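Please take a moment with the sequence and the model below before reading on. The paragraphs after it are meant to be followed with the structure in view.

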Amino acid sequence: MKIGILISGRGSNMVALVDAVASGEIPDSTVAIVISDQPDAAGLPKAEELGVETLVIEKNGRKRAEHDAEIIAALKERDVEFVCLAGYMRLLSPDFVRAFPNRIVNIHPSLLPSFPGLDVQQQAIDHGVKISGCTVHFVNEDLDAGPIILQRVVEVKDDDTADTLSERILEQEHRAYVEAIRRIVSGRLSIAGRRTAYSEISDKS
Ligand code: GRF
């Protein structure tokens with residue numbers, strides 16, 4: 001599967017995915033391109049070091065649909081079949097979602113549907129929840145709302161700050177994202193409405 005990854009910042013989830021493709025943990029796949037809307041995204045040099053083509057496509061005051069059209073064109077030029085959002089800080093336009101139906105996924109640092117949006121680790125602490133975690137989900141036209149593929153749970157400790165909680169969630173994000181893409185690539189993940197299901201291969205045969 002030809003994967004394109006969109007980032008806006010640090011890019012640690014992007015690195016986890018590129019590494020997993022390189023090691024074969026995500027099999028039969030290549031990362032064709034990493035695109036950032038931010039020219040100074042720290043993830044860009046990391047992707048280059050890993051030998052992945054990078055591209056900056058800034059919004060430059062354009063409408064979302066125009067900006068997205070340029071990104072879609074760059075992805076299609078490289079025959080990208082599947083898009084991973086990895087800390088990409090923009091909501092996609094409906095046209096973008098339609099260009100890759102059920103072929104865009106995102107990672108979010110909370111247990112959705114709790115705490116969609118931004119600053120969610122602080123929101124989790126402020127709300128007083130005892131567990132949080134991360135969610136890998138398909139992207140639809142609503143923010144952080146598409147069918148859930150996989151979640152991993154992290155305990156919220158009494159003395160957690162947004163930083164300490166974010167750090168522990170991030171460790172789980174890297175594992176969850178790789179596992180979710182591995183399941184998708186295997187062709188054994190199905191979607192029915194809001195629900196996804198993954199069928200493990202039984203080795204008893
Ligand atoms: C992660 O916490 C991700 O869940 C959220 O933005 C952060 C990006 O981190 N959407 P990184 O750029 O992958 O290091």
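What follows is a walk through this predicted model, from a strand and its partners to a pocket and then to some details of the backbone.

A convenient place to begin is strand β4, which covers residues 82-85. Its side chains alternate, with Phe82 and Cys84 pointing one way and Val83 and Leu85 the other way, yet all of these residues are buried. Strand β4 has a partner in strand β1 (residues 2-7), to which it runs parallel and is joined by four bridges, and in this pairing Gly4 stands opposite Val83. Strand β4 is also paired with strand β5 (residues 104-108), again in parallel, through three bridges. Here Val83 has Ile104 as its bridge partner, and Val83 therefore has a bridge partner in β5 as well as a residue opposite it in β1. Between β4 and β5 the chain includes helix α4 (residues 94-99), and together these three elements make a right-handed β-α-β unit.

The next feature is the largest pocket, which holds about 830 Å³ of space. It is lined by 33 residues, and those closest to its centre are Gly87, Tyr88, Met89, Ile107 and Pro109. Which elements supply at least two residues each to this lining? They are α1 (12-23), β5, α5 (120-127) and α6 (162-185), and α6 gives the most, with four residues. By character, the lining divides into 14 nonpolar, 12 polar and seven charged residues. Why does the pocket lie between domain 1 and domain 2? Both domain 1 (1-101) and domain 2 (107-205) give residues to its lining, so the pocket is placed between them.

The backbone also has some details that are worth finding in the model. In the loop between β5 and α5 lies Pro113, and the peptide bond that joins Leu112 to Pro113 is cis, with omega about 10 degrees. Two asparagines have a positive phi although neither is a glycine: for Asn60 the value is near 50 degrees, and for Asn102 it is about 55 degrees. Asn60 is found in the loop between β3 (54-56) and α3 (64-77), and it counts as exposed because its relative accessible area is 60%, where the cut-off for exposed is over 50%. Asn102, in the loop between α4 and β5, counts as partly exposed because its relative accessibility is 45%.

Conventions: Residues numbered from 1 in each chain as written. Predicted model: local features only at pLDDT ≥ 70, side-chain atom pairs only at ≥ 80, totals over all residues. Heavy atoms only, no water. Buried < 20%, exposed > 50% of the residue type's maximum accessible area, 1.4 Å probe, protein only. Pairing = 2+ DSSP bridges. Right-handed = clockwise from strand over helix to strand, strands pointing away. 1 Å grid on protein atoms, 1.4 Å probe; cavity = no way out; pocket = protein on both sides within 12 Å on 5 of 7 lines; lining within 4 Å. Points joined across faces, edges and corners; volume = space filled by probe spheres on them. Nonpolar A, V, L, I, M, F, W, Y, C, P; charged D, E, K, R; others polar. Domains from an automatic or database assignment.
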